[in-house]
Each structure stands twice: as structure tokens, then as C-alpha cells.
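Q: Got a minute to go through a model with me? I'd like to talk cysteines and aromatic rings.

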Amino acid sequence: MNSNTTERPVFPARYTPEGIYETRMIKRNAACIFAGILTWLLLRSILPNMMFSGITIVITMARISIVPSTAAVIYSSVDIISTILSMGLPFFVVMRIIDIPLKAALPFRKIRSGFNMGSLFIALALSTLGVYSGSLLASMASSLGFSPQVPAVETPTDITTGILYAITLVVIPAFLEEIVFRGIILQPLRRFGDGFAIVVSAVLFSLAHLNLYQIPNAFLIGLLMGYFVVRSGSIWPGIIIHFVNNSVAAVFEYLMDYIPMQTLNIMNLSVYVFYLVAGLLSLIILSRKQKKLFMLIPYNGILSTKERLRCYFTCAPTVILILVLLVLSLSYML
């Protein structure tokens, strides 16, 4: 062998030009999501007060007298509008910066009703496990002297405020949160692998609830909603699962004012048992109808799944975002 000949060193994939480019793209996406979520939280904290102040000034100047029922309608309406604006505007900008077409970011393709029903019951069954995991976490925290500060919420008694309350608690989260987390966040991440996109969106979805006790349930159901959205090529399964899950929770919250707690606990347990049985049957049926039900298309990029996840969750914007969300979540316990 010629002594003047040197072998070219072999670098790990992440240090190749292709790997460096992929790393930069992942970090760029993380920075956009970081900006979107923090802007959403900021607007959500200041926009309602700004809107209420403006309405109060107009009412005062016009010398209009407001009865309590009208005030409740105004309050609910402002809450709905501010929620849509505070979450919708930042992520519309994020979508434009990431430069993903609207149809790609928000796939509303029609799918079979059988698949929707099956995915719904499987997700609700998994959500049952998440709820009990959250309860266990809450019990452990309580034994250490931490207890959640649950704000008092008055259940509406008239039809108008009741409808607005249901829209706030059920309809808006089901559509808006799915558009953001299973649409604008998840879909662009799929260029780095479907499994990667599902995990990242589920982690962010769970932390964005700002409630440590809800993280297990939100993460598990977020994983499954993300998977069924990817599998179906449509955002509808996520919306349906989210809508039904929130609807059941809203119904039980409403019944707390009218049914003894012991009876309500029995009803709650019965619902969870139904979820588990229906979820198991749906899993069996879908597994027979759908070949390789829980298989994803392999990713052929430069970085491995571990490297992509490490890149995303160790970059500065994501670390700062997670710390902010955890601090806000911890404030719920104090």
C-alpha cells in the first residue's frame, strides 16, 4: 500500500451534508412551534382582558344597563372569540413560515364511518388508562402535600349560556386544537417520519394542557389521535375522538350539580368499563379489516429516529418551551 495514500474518514450520518441539513430543518421547525405556542399563551392571557375592557368602555359611554344573563352571554362570547384568535392567528403565521400548503396542513378527507367508530372506541379505551394514570399521579402529589387549585366553574342554567358553554368546552377544543396539533404541527413534521411527528405532537399536546395530572391521558390519547390521523390521511378521526371525549367529560361535570357523588362514581365506572370493552372489540375488528393496522411507512432519511428525537427535544427553543410549560403546569399545583 502506498504510504502517501490516506483513507477518507467515515463520519456519522448526522455530520454529513445531508444530515446537517436535516438537523437544521428539524431545529427550524422546532423554533416555529416554540414561537407559535408561546404567542398563543401570551395572547390567551391578555386578549380576553383587552376585549372586556373595550366592551366595558363602550357600554359605559353608551350608558347601557346590562342584566346578569346578558353579561354571562357577553363573557362566554368573548371567551370563544379570544380563544379562536389567540390560537388561530399565531399558528396561521407558523403555517405560512413553514410553507406548507393549506390542504396538506389540514387534510379533511372523508373516511369510512367504520374506521371512525373503531378508532374512537380504541382511543377512549386508552384514555381510560390515561385517566387512571393521572389519578395515580394526583394521589402521589397529594401525599407529598401538593393539591391542584381547581377554579370554581358555575354550570350555566339557561339555554343560551349553556350552548355557549358547550361550544367553549367541547366544540372549540375539538376543532381548534386538532387543527393546530394534528394539523399545523403534526403534518409538517411528517417529512421527518410519521412516528417522529406523532410522538412530538403528542408530547406538545399533553404539555400544552398546563396540568400535570392531565399529561398522561393527554399524551396517550394524543399518540392515538395522531396515529389515526396519519393512518387515515384525514384530520377527522382526531376531531371526532376529541369531541366525544370532551362531551362525556362535560356531561359528567354538568351532572355533578344534580346527582349524588356516589351515583356519579358508579356511572363513571360504568362508562370506563364500556370504553374498555368497546375498545377491545374495535381493536379486534379493525385488526382483521386493516392489514398491519399499527404499522407506519418507514422513514428513509439520514438521521435515525433516536437522533431526530434527540435533535428536536434538546434544541434551545424546545427546551425553553418545555420549561415554560412545566412551570405553568406546576403553578396549578401550588
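A: Sure, cysteines come up to start with, then the rings; keep in mind that this is a predicted model.

Q: How many disulfides does the structure hold?
A: Zero.

Q: Why is cysteine 32 not in a bond?
A: Its closest cysteine sulfur is in cysteine 315, and that is 11 Å away, too far for a bond. A disulfide needs the two sulfurs within 2.5 Å.

Q: And what about cysteine 311, how far is the nearest cysteine sulfur?
A: 6.2 Å, and again the sulfur belongs to cysteine 315. Cysteine 311 is in no disulfide.

Q: Is cysteine 311 buried or exposed?
A: Buried, with a relative accessible area of 9%. Cysteine 32 counts as buried too, at 10% relative accessibility.

Q: Switching to rings. How many aromatic pairs are there?
A: A search of the whole structure finds 13. One of them is phenylalanine 181 with phenylalanine 205.

Q: Why is that pair, phenylalanine 181 and phenylalanine 205, edge-to-face?
A: Because the planes are at 70°, and over 60 counts as edge-to-face. The ring centres are 5.4 Å apart.

Q: Where do the two phenylalanines, 181 and 205, sit in the chain?
A: Phenylalanine 181 is in helix 5, residues 159–189. Phenylalanine 205 is in helix 6, residues 194–207. They are 24 residues apart, and both are buried.

Q: What sits over the ring of phenylalanine 205?
A: The charged end of arginine 182, 4.2 Å from the ring centre.

Q: Which residues form an aromatic cluster?
A: Phe121, Tyr132, Tyr272, Phe274 and Tyr275 form one.

Conventions:
Residues are numbered from 1 along each chain as its sequence is written. This is a predicted model: local features need pLDDT of at least 70, side-chain atom pairs count only at pLDDT 80 or more; totals for chains, interfaces and linings use all residues. Side-chain values use heavy atoms; hydrogens and water are left out. Buried means under 20% relative accessible area, exposed over 50%, partly exposed in between (1.4 Å probe, protein chains only). Rings of Phe, Tyr and Trp (its six-membered ring) pair if their centres lie within 6.5 Å; planes under 30 degrees apart count as stacked, over 60 as edge-to-face and the rest as tilted. Helices (H or I, at least four residues) and strands (E, at least two) are DSSP runs, numbered from the N terminus. A charge sits over a ring if NZ of Lys or CZ of Arg is within 6 Å of the ring centre and within 35 degrees of the ring normal.
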